[in-house]
Amino acid sequence: MTLEKKNITSNCLTDGFDIQSEYLDREVKVDVYWPEKMDNKEPMSLLFVNDGQDFPKMPFTDLFNKLLHEDELKPLMVVAIHCSAERRLEYGTADVLDFMNRGSRAKYHRKFLLLELIPHILRQYALKEVAEISYAGFSLGGLSALDVAWKYPNVFTKVGVFSGSLWWRLRDLNDHYEEDRDRIMHKLIREGSYHPGLKFFFQTGNLDETMDRNNNGIIDSIDDTLSLIEELELKGYKKEKDIRYYELPDGRHDVPSWARAFPVFLKWGWGKEPSKNNKGT
């Protein structure tokens, strides 16, 4: 493993390292972002994010630094995990393969996160106590984050899904496909249990795609997301209290759109409460 200080701004520190994963049988590149100025009275929260290779395109350092400069966030460390060339195998739903057998290595990615990366971060940055651990991702990485957080609510408190691949399915559309039966993540939630304290952030864009498989006038990315939110509500989760849905009218399935939504996600999850003295101003 190599550890290298990559960048320092007035408010944000950034490290990068490669960690050898026994479970994935490869080196995984990881970037870490955290505030330079810390309030030692409040423990750090950890946010792990799939597709960390997209962070420089945002650019995340500037985005994060702006929020820190404006004192918008509670103590938060963001850990960006770079994907590999086997992204479609390592992401997805770990316990259920899709109809093309994609996601076959997702269980190893999950083990890497839980058994290797999280413990490494706690050791490397001497985090004896953390406020909470959360998980997020983009597109297929968002599906992966939701799948892991749903499976391990004892570990994760919040999950962020940006243009999530919630269409992930058991059957091809031409093979007697049925939405209620064949959308994998919807089925996992339907067959799962309510986990008190788990919160969800979903982002979509009206220009995410053009596909509308059920011809209801709503593109699939939005339709699948709203349907999944309905499944969560049936489990007992409440809109606004437990679920935040953020739709960009001109949002696309791309990094610039996710970059616009990410500050909303960060302030939703780790925003500072307005002081009592500033109420109404």
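The buried residues of helix H1 are Phe60, Thr61, Leu63, Phe64, Asn65, Leu67 and Leu68. That makes seven of the ten residues in H1, so this helix is largely enclosed by the rest of the structure. A bit of helix geometry is handy when looking at such a list: an α-helix has 3.6 residues a turn, so residues three or four places apart point the same way. Just after H1 comes Asp71, whose phi is positive, at about 55°. As with everything described here, these details come from a predicted model.

Zooming out, the protein's secondary structure adds up to eight helices and nine strands. Its radius of gyration is 19 Å, close to the 19 Å that the globule rule gives for 281 residues, so the protein is as compact as a globular protein of that length. Along the principal axes, the C-alpha trace spans about 55 × 55 × 35 Å. Of the 281 residues, 53% are buried.

Now for the strands. Strand S8, residues 199-207, pairs in the parallel sense with strand S7, residues 158-162, and five bridges join the two. In this pairing, Gly160 stands opposite Phe201 of S8. S8 also pairs with strand S9 (residues 243-252), again in the parallel sense, this time over seven bridges. Two of the matches between S8 and S9 can be picked out by name: Phe200 has Ile243 in S9 as its bridge partner, while Gln203 is partnered by Tyr246 in S9. How do S8 and S9 fit together with helix H7? With H7 covering residues 220-235, S8, H7 and S9 make up a right-handed β-α-β unit. When following any of these strands by eye, it helps to know that in a regular strand the side chains alternate between the two faces of the sheet.

The loop between S7 and helix H5 (179-182) is where Gly164 is found. Is Gly164 buried or exposed? Its relative accessibility is 7%, so Gly164 counts as buried. Gly164 and Lys199 are 35 residues apart along the chain, and 16 Å separates their C-alpha atoms.

Aromatic rings are another thing to look for, and a search of the whole structure turns up 27 aromatic pairs. One of them is formed by Tyr33 and Phe55: the ring centres are 5.8 Å apart and the planes meet at 40°, so this pair is tilted. The two partners come from distant parts of the chain, 22 residues apart, with Tyr33 in strand S3 (residues 26-35) and Phe55 in the loop between strand S4 (44-49) and H1 (60-69). Tyr33 and Phe55 are both buried. A ring can have a charged neighbour as well: the charged end of Arg169 sits over the ring of Tyr177, at 6.0 Å from the ring centre.

What about the cysteines? A disulfide is a covalent bond between the sulfur atoms of two cysteines. With a cut-off of 2.5 Å between the sulfur atoms, the count comes to zero disulfides. Cys12 has a relative accessible area of 0%, so it is buried. Cys83, at 23% relative accessibility, counts as partly exposed, because buried means under 20%.

Key
Residues numbered from 1 in each chain as written. Predicted model: local features only at pLDDT ≥ 70, side-chain atom pairs only at ≥ 80, totals over all residues. Heavy atoms only, no water. Pairing = 2+ DSSP bridges. Helix = DSSP H or I, 4+ residues; strand = E, 2+ residues; numbered from the N terminus. Right-handed = clockwise from strand over helix to strand, strands pointing away. Phe/Tyr/Trp six-rings, centres within 6.5 Å; stacked < 30°, edge-to-face > 60°. Buried < 20%, exposed > 50% of the residue type's maximum accessible area, 1.4 Å probe, protein only. Lys NZ or Arg CZ within 6 Å of the ring centre and 35° of its normal. Rg over C-alpha atoms; globule rule 2.2 N^0.38 Å.
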